[in-house]
Amino acid sequence: MRITRTTALTACLAMTAAIFTATLPSAAATPDPVSVAARPVAGSSNVKVDGSHIVLGDAPAAIGSTEIKQRSGLAELIPVRFADPTSAVVVGYASGTPDGSSAEVDVRSWVNNRWSEWTAAKAGTPTALPGASDQVQVRIIVSAPSTGASPWVGDVTVQPTDQAAVPRMTIQAAPLKSHVFATREGLVGGTTANGHVIVSRDHFVALPSRRGLSGAGSGTYSVKVCTASRCAFEPVWDVGPWNTKDDYWNPSATREMWKDLPQGKPEAQAAYQSGYNGGKDQFGRTVANPAGIDLADGVFWDALKLADNSWVDVTYLWTGDGGRGTVSISSGYLNVRNAPNSTGAVVGMAGKSAQVTVECQTTGESVTGSQGTSNVWLRVNAGMYVAKAWVSAGSFGAC
């Protein structure tokens, strides 16, 4: 076949274009994994850094809400920012779990101006996020028996991907509220799952899943606990009672375990009341009460004025939208009053770092606190107010 100059030129240009295209990165190419520094941030506890590894620290074994004695460490790593939002990530890591120890890696994302729940991430497997996000954070939890083993996790990377199932974890218009049985944790001198050492008349709660566990000193995951006449706003600083993988506030299909139970019903309640799971918890222990939340002594005795274990209404604040503020005090608690002044009757309390719901704001007595001097009071529940001078929050509509 005769090849003309035009034909040859066309073929040459086509070949050049093919070579050029092959050497250019595709606009839709998957971004490379991003290394996550082995550098625990504030809120971490009882971990050591060994090169690129996070290793269980040297603190002795302790007992928290689950009443299981073990050594435990928690590391929240520096958040990672991506160039573009992603609906899923692949978390890569290596781990070592000698002599009956364990290591868990979780991830969460920044969605709707707040952190989502923590979700377990299996190494090399896509993990769906509750919404498109350009910022994620990795958490490492290492646990071991009373003596011996030093579990570790290292060489952590995160990579955006679209190769994941549609996420089922969502943030609702209103946070979930459920009626559950509350027990007193006590255990003064013990250590919670986030490394907090329990003090007398303390202010925090325990829930039976690490998905809603705040780091030490943080109130990212907080609850509102109410009786008929009083309310407490408290951070989630421990895991229990009974179970550690029972995020019963989530839809049934999303729960870590016990997916055949209805949303809002703790496994311990089902086991105690109807013999679910043979009447036992996830560790095979016979469930002696239907508890779905443990309350530190200050919450139990002082904030809610309970005399015995009791049924309460619990709102899991991070599961929904709505006005929020963060209690900004160095220790103890903030009084919740029935009027916007310091002479109003105390009808509840809010613990250090806890988030509070905000329905509206009104003017009242001028107060000086960590946020300056202000006469603004925030209504956090019907007939309940806190001084904005002690709460980090924006502005809200008038009551």
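## A tour of the model: sulfurs, rings, a pocket and a helix

Scan the whole structure for disulfides and you get two. Keep in mind as you click around that this is a predicted model.

**Stop 1: the disulfides.** Start by selecting cysteine 226 and cysteine 231. Their sulfurs are bonded, with an S to S distance of 2.0 Å. Look down the S-S bond: the angle about it is 110 degrees, and the link between cysteine 226 and cysteine 231 is right-handed. Buried or exposed, these two, cysteine 226 and cysteine 231? Both are buried.

Now jump to cysteine 360 and cysteine 399. Here too the sulfur atoms sit 2.0 Å apart in a disulfide. The link of cysteine 360 and cysteine 399 is right-handed, with 100 degrees about the S-S bond. Colour by secondary structure and you'll see cysteine 360 in strand E21 (residues 360–369), while cysteine 399 is in the segment after strand E24 (391–392), so this disulfide ties together parts 39 residues apart in sequence. Switch on a surface and check each end: cysteine 360 has 4% relative accessibility, so it counts as buried. Cysteine 399, at a relative accessible area of 47%, is partly exposed. Count the bonded cysteines along the chain and the pattern reads 1-2, 3-4.

**Stop 2: the rings.** Next, turn to the aromatics. How many aromatic pairs does a search of the whole structure find? There are 10. Select tyrosine 248 and tryptophan 249: they make an edge-to-face pair, 5.2 Å centre to centre, with 70 degrees between the planes. Tyrosine 248 and tryptophan 249 are both buried.

Then pick tyrosine 316 and tryptophan 318. This pair is edge-to-face as well, at 6.2 Å centre to centre and 80 degrees between the planes. Tyrosine 316 has 0% relative accessibility and counts as buried; tryptophan 318 is buried too, with a relative accessible area of 6%. Put Tyr221, Tyr248, Trp249, Tyr316 and Trp318 in one selection, and you have a cluster linked by ring pairs.

**Stop 3: the largest pocket.** Time for some empty space. Rolling a probe the size of a water molecule over the atoms shows where such space is left. The largest pocket holds about 540 Å³. To find it, select Gln70, Ser72, Ser143, Ala193 and Arg210, the residues nearest its centre among the 31 that line the largest pocket. Which elements give two or more residues to the lining of the largest pocket? They are strand E4 (71–76), strand E6 (102–111), strand E9 (126–144) and strand E14 (231–239). E6 supplies the largest share of this lining, with three residues. Colour the lining of the largest pocket by residue type and you'll get 11 nonpolar, 15 polar and five charged residues.

**Stop 4: helix H2.** Finish by selecting helix H2 (residues 267–274). Its buried residues are Glu267, Ala268, Gln269, Ala270 and Ala271. Show the surroundings and see what covers the buried residues of H2: the cover includes strand E11 (177–184), strand E15 (291–295) and strand E16 (310–316). Last click: glycine 275, which follows H2 and has a positive phi, near 75 degrees.

How values were computed
Residues are numbered from 1 along each chain as its sequence is written. This is a predicted model: local features need pLDDT of at least 70, side-chain atom pairs count only at pLDDT 80 or more; totals for chains, interfaces and linings use all residues. Side-chain values use heavy atoms; hydrogens and water are left out. A disulfide is a pair of cysteine sulfur atoms within 2.5 Å. Buried means under 20% relative accessible area, exposed over 50%, partly exposed in between (1.4 Å probe, protein chains only). Helices (H or I, at least four residues) and strands (E, at least two) are DSSP runs, numbered from the N terminus. Rings of Phe, Tyr and Trp (its six-membered ring) pair if their centres lie within 6.5 Å; planes under 30 degrees apart count as stacked, over 60 as edge-to-face and the rest as tilted. On a 1 Å grid over the protein atoms alone, a cavity is a set of points where a 1.4 Å probe fits but cannot get out, and a pocket is an open set with protein on both sides within 12 Å along at least five of seven lines; lining residues have an atom within 4 Å of a point. Grid points are joined across faces, edges and corners, and a volume is the space filled by probe spheres set on the points. Ala, Val, Leu, Ile, Met, Phe, Trp, Tyr, Cys and Pro count as nonpolar, Asp, Glu, Lys and Arg as charged, and the others, Gly among them, as polar. Contact means heavy atoms within 4.5 Å.
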